[in-house]
Structures are given as C-alpha cells and as structure tokens.
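Here are a few notes to read alongside the picture. Have a look at the chain below, then work through the points at your own pace.

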Amino acid sequence: MNIFEEAKAIERLREEVSHLSNGTLKLDGSFIEGKPDVVRNRLPVAYRPDASIAHECPSHYLFALE
C-alpha cells in the first residue's frame, strides 16, 4: 500500500458513520445500501427511513425524554 492509499484509508476511518445490517448511515443523513466494506462492528439493526418513532416507540420509554 502506498502513502496515498494509506491516507485514503485513514480518512475513511475518520468519517462518522454507523454500520447497520442493511448498509451504512453517515452522520450527514446519507445512507449507502448494501455492505461495500468489510466491517467488524456492524449493528444488527436495519435502517428504515420511513419508520416513525411515534408509532413504534412504547409510551413507557418516552417518559425519559420529558
């Protein structure tokens, strides 16, 4: 690996992302479907942009937000 490839690899590590079961969610809100990178810390949660917290979150959890 040359120095330019190493610099690119380090820059990828600096990106703030969450690796999910169906892709990668970036901090800026963009989502990359699939698993283009091998990741050892992928979360067993699927990203669903159409999910609504109001319909899926039990009310006994919401008291902590008040």
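1. A term to start with: two strands count as paired when DSSP finds at least two bridges between them. Keep in mind that this is a predicted model. With that term in hand, look at the sheet: three strands form an open sheet in the order E1-E2-E3, and the pairing is antiparallel.

2. Why is one side of E1 and of E3 left without a neighbour in the sheet? Strand E1 (17–20) and strand E3 (31–33) stand at the edges, and each has a single partner strand, so one side of each stays without a neighbour there. As for twist, neighbouring strands of this sheet are turned by 15 degrees against each other on average, direction ignored.

3. Now take the E1 and E2 pair. Strand E2 covers residues 23–26, runs antiparallel to E1 and is joined to E1 by four bridges. If you want a spot to zoom in on, find Ser 18, which stands opposite Leu 25 in E2. The link between E1 and E2 is a hairpin through two residues.

4. On to E2 and E3. How many bridges join these two strands? The answer is three, and E2 and E3 run antiparallel. Thr 24 has Ile 32 in E3 as its bridge partner. This pair also forms a hairpin, with four residues between the strands. Check Gly 29 in that turn: its phi is positive, about 95 degrees.

5. Stepping back to the protein chain as a whole, you should be able to pick out three helices and three strands. Read from the N terminus on, the elements go α-β-β-β-α-α.

6. Buried or exposed? Buried here means under 20% relative accessible area. By that cut-off, buried residues make up 6% of the 66 residues in the protein chain. The chain exposes about 6,100 Å², and carbon and sulfur atoms supply 56% of that area.

7. Last, contacts along the sequence. Take the contacts in the protein chain with a separation of 6 or more: what share comes from residues 24 or more positions apart? Those residues account for 15% of such contacts.

Note on methods: Residues are numbered from 1 along each chain as its sequence is written. This is a predicted model: local features need pLDDT of at least 70, side-chain atom pairs count only at pLDDT 80 or more; totals for chains, interfaces and linings use all residues. Side-chain values use heavy atoms; hydrogens and water are left out. Buried means under 20% relative accessible area, exposed over 50%, partly exposed in between (1.4 Å probe, protein chains only). Contact means heavy atoms within 4.5 Å. Accessible areas come from the Shrake-Rupley method with a 1.4 Å probe; for residues, only the protein chains shown count as cover. Axes are lines fitted to C-alpha atoms, for helices over the stretch in contact, and angles run from 0 to 180 degrees between N-to-C directions.
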